[in-house]
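Colleague: Please take a close look at one part of this model, the salt bridges. Then set out what surrounds them.

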Protein chains: 2
Amino acid sequence: MTLITLPQILAARETLAGYLHRTPTATSTYLGGQLDLNLYFKLELLQKTGSFKPRGVLNRMQHLSADEKARGVITLSAGNAAQAVAWAAKQAGVAATVVMPAGAVQSKVEATRGYGGEVIQTAKSLLDTCLTIQRERNLTLVHPFDDLHLIAGHGTAGLELLEDVPHVDVVIVGVGGGGLISGVAAALKSQRPSVKVIGVEPEGASAMTQSLAKGEPVHLSSVNTIADGLAAPFAGQYTLAHVQAYVDEVVLVSDEAISEALGLILERCKVLAEPAAASTLAALWSGAIKLTPGSTVVCILSGGNIDRATLKQLL
Amino acid sequence: MTLITLPQILAARETLAGYLHRTPTATSTYLGGQLDLNLYFKLELLQKTGSFKPRGVLNRMQHLSADEKARGVITLSAGNAAQAVAWAAKQAGVAATVVMPAGAVQSKVEATRGYGGEVIQTAKSLLDTCLTIQRERNLTLVHPFDDLHLIAGHGTAGLELLEDVPHVDVVIVGVGGGGLISGVAAALKSQRPSVKVIGVEPEGASAMTQSLAKGEPVHLSSVNTIADGLAAPFAGQYTLAHVQAYVDEVVLVSDEAISEALGLILERCKVLAEPAAASTLAALWSGAIKLTPGSTVVCILSGGNIDRATLKQLL
């Protein structure tokens, strides 16, 4: 299986220059002190569209042929990729259609429309619906996570992280389809093989954990977690290969631990981490990840897209 | 009346170097689009202790004599200055006592204790209690806002703002005692006199508005606002002089407008602005401030210290 390389990630950074934010890194003396760690947070929630997703998506979009662009793109997503595809398509002057679940977070649906995307919501299989419409309308499929250009784009977050915290020992990343952790792990391990990369999945959506155990992508019949950003029902071929090659460990966390971590991040770091992002601190706070005291750790806060009503419930 | 000068603010930056964060600036395409402005937010809520306060307080602390330091310091505060004084005292190796209201935000009380400060809560007059204890214990009084070293320290936020958004037309700042707006306005007007600086007070705590009208510091018999960070019951002598000299306008906003703005900032910018900070967007969103379309505007988000329970109520 092909794995992305550092030159591809560096090229992605060139492609994305000027379109995206270089997101800052924050600390919390209190949270770090409680955990006995030098704790940093990479604030991808301040990225355009409120998540890391446009890094990969825009890189994917810029590698489409003129014909593929002219036909318009389609993707499927619970939300963050939806917004990112609509936003990136607008930057690239391409029409975007996004298939989203009937119960998608309303603010993500509205934001996707706000960026000019056509949203089609369905209670049926997202993938089947997406592929049917793609054939009917002859659209270009943009995969929400299992794509090498996408993974290379996400890897740019890893480059920035290493610049900001060069002495990092451990990086913790939430795992949905696995696009972000694949890119970040490739960027880190190709430069600093000693850095440990740990993935976090919700107990109710453990596709990657199961895929690693089985040695091939596992499709879940259902998922059940508050972390909609990590609720991908299957791991990708490419992402599984990257996780197998570059990720040291994948751990599971409960929704309760995620809620608690979300509140702590909000109160102590003053930023709104959506549940997918809060899962990283949840893994430390709940003890699912145990590290040598004094380790320097970066949690990637992958996004901040959460409805006000949902937030109110979780607090 | 003496006003601080640019060299004093530049000197404060030297004094503070290495102790404090250089806070980033964020944008919201959505909020800016709705208001027809190029809208930026200066994220002082990411500053150490969760507010801009340590800029001024640490600068004050570093200008104390050896004797003043040895005696220990005392201040009075609803919360943000309390935390900042406790934190800055710890940096400077000085003992800190802080007089806080009986009903102070609990997380601010805990954070102040967490930084090593002794907290004395009282239902009586903060100022009287503070001055009594100061005399009894022979402590060094550090004023929470009306001090030239303090104002110079706060001005460093203005230096950063102008570096990040050099083409800024208008800067909006919440006004409690007036320390932040005094320093920021001095930093801006001494470098770019054309920049407009607008202050925002809650309707229920309009000490500066009334002081400007009367031409001298007015003491309010009571204050009533959700913006505890802006609930100072009087303007300072120094701060009033700076506002008279450098601030173009001070407007009033309702608590309802502040709540709405807090939610918008959280949802759209992914950061937790406390009510005092959200007052800046509230003034734009409610129409209290009307600007030329297309103007480049920076709202200073002065802090993010708010209880989880209070936040839940406001959402």
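Modeller: A salt bridge here is a side-chain nitrogen of Lys or Arg within 4 Å of a carboxyl oxygen of Asp or Glu. The model is predicted, and side-chain atom pairs count only at pLDDT 80 or more. Side chains of opposite charge can pair when their charged atoms come close. Over all chains, the search of the whole structure gives 28 salt bridges.

One of them joins the side chains of Arg55(A) and Glu160(A), with N to O at 3.0 Å. Arg55(A) belongs to helix α3 (residues 53–62) of chain A and Glu160(A) to helix α8 (residues 148–164) of chain A, so this pair ties together parts that lie 105 residues apart in sequence. Both Arg55(A) and Glu160(A) are buried.

Helix α3 of chain A also holds Arg60(A), which forms a salt bridge with Asp147(A), their closest N and O atoms being 2.8 Å apart. Asp147(A) sits in the loop between β6 (140–141) and α8 of chain A, and the two partners are 87 residues apart. Buried means under 20% relative accessible area. Asp147(A), with a relative accessible area of 13%, is therefore buried, and Arg60(A) counts as buried at 13% relative accessibility.

In chain B, the side chains of Glu44(B) and Arg55(B) meet in a salt bridge of 2.6 Å, N to O. Glu44(B) is in the loop between β2 (38–43) and α3 (53–62) of chain B, while Arg55(B) is in helix α3 of chain B, 11 residues apart. Glu44(B) counts as buried at 0% relative accessibility, and Arg55(B) is buried with a relative accessible area of 2%. Elsewhere, salt bridges that share partners join Arg13(A), Arg22(A), Glu163(A) and Asp164(A) into one network.

As for how the chains are related, a turn of 180° and a shift of 0.0 Å along the axis lay chain B on chain A with an RMSD of 0.0 Å. That is the relation of a two-fold axis. The C-alpha of Val271(B) is the one nearest the axis in chain B, 2.1 Å from it. Of the interface residues of chain B, 100% are also interface residues in chain A, so the copies meet through the same surface.

Helix α8 of chain B is also among the elements against which the buried residues of α9(B) pack; the others include α1 (6–16), β7 (170–174) and α11 (237–246) of chain B. Of the 13 residues of α9(B), 11 are buried, including Gly179(B) and Lys189(B).

Terms used
Residues numbered from 1 in each chain as written. Chains lettered and ligands numbered in written order. Predicted model: local features only at pLDDT ≥ 70, side-chain atom pairs only at ≥ 80, totals over all residues. Heavy atoms only, no water. Least-squares fit on C-alpha atoms with pLDDT ≥ 70 in both. Contact = heavy atoms within 4.5 Å. Buried < 20%, exposed > 50% of the residue type's maximum accessible area, 1.4 Å probe, protein only. Helix = DSSP H or I, 4+ residues; strand = E, 2+ residues; numbered from the N terminus.
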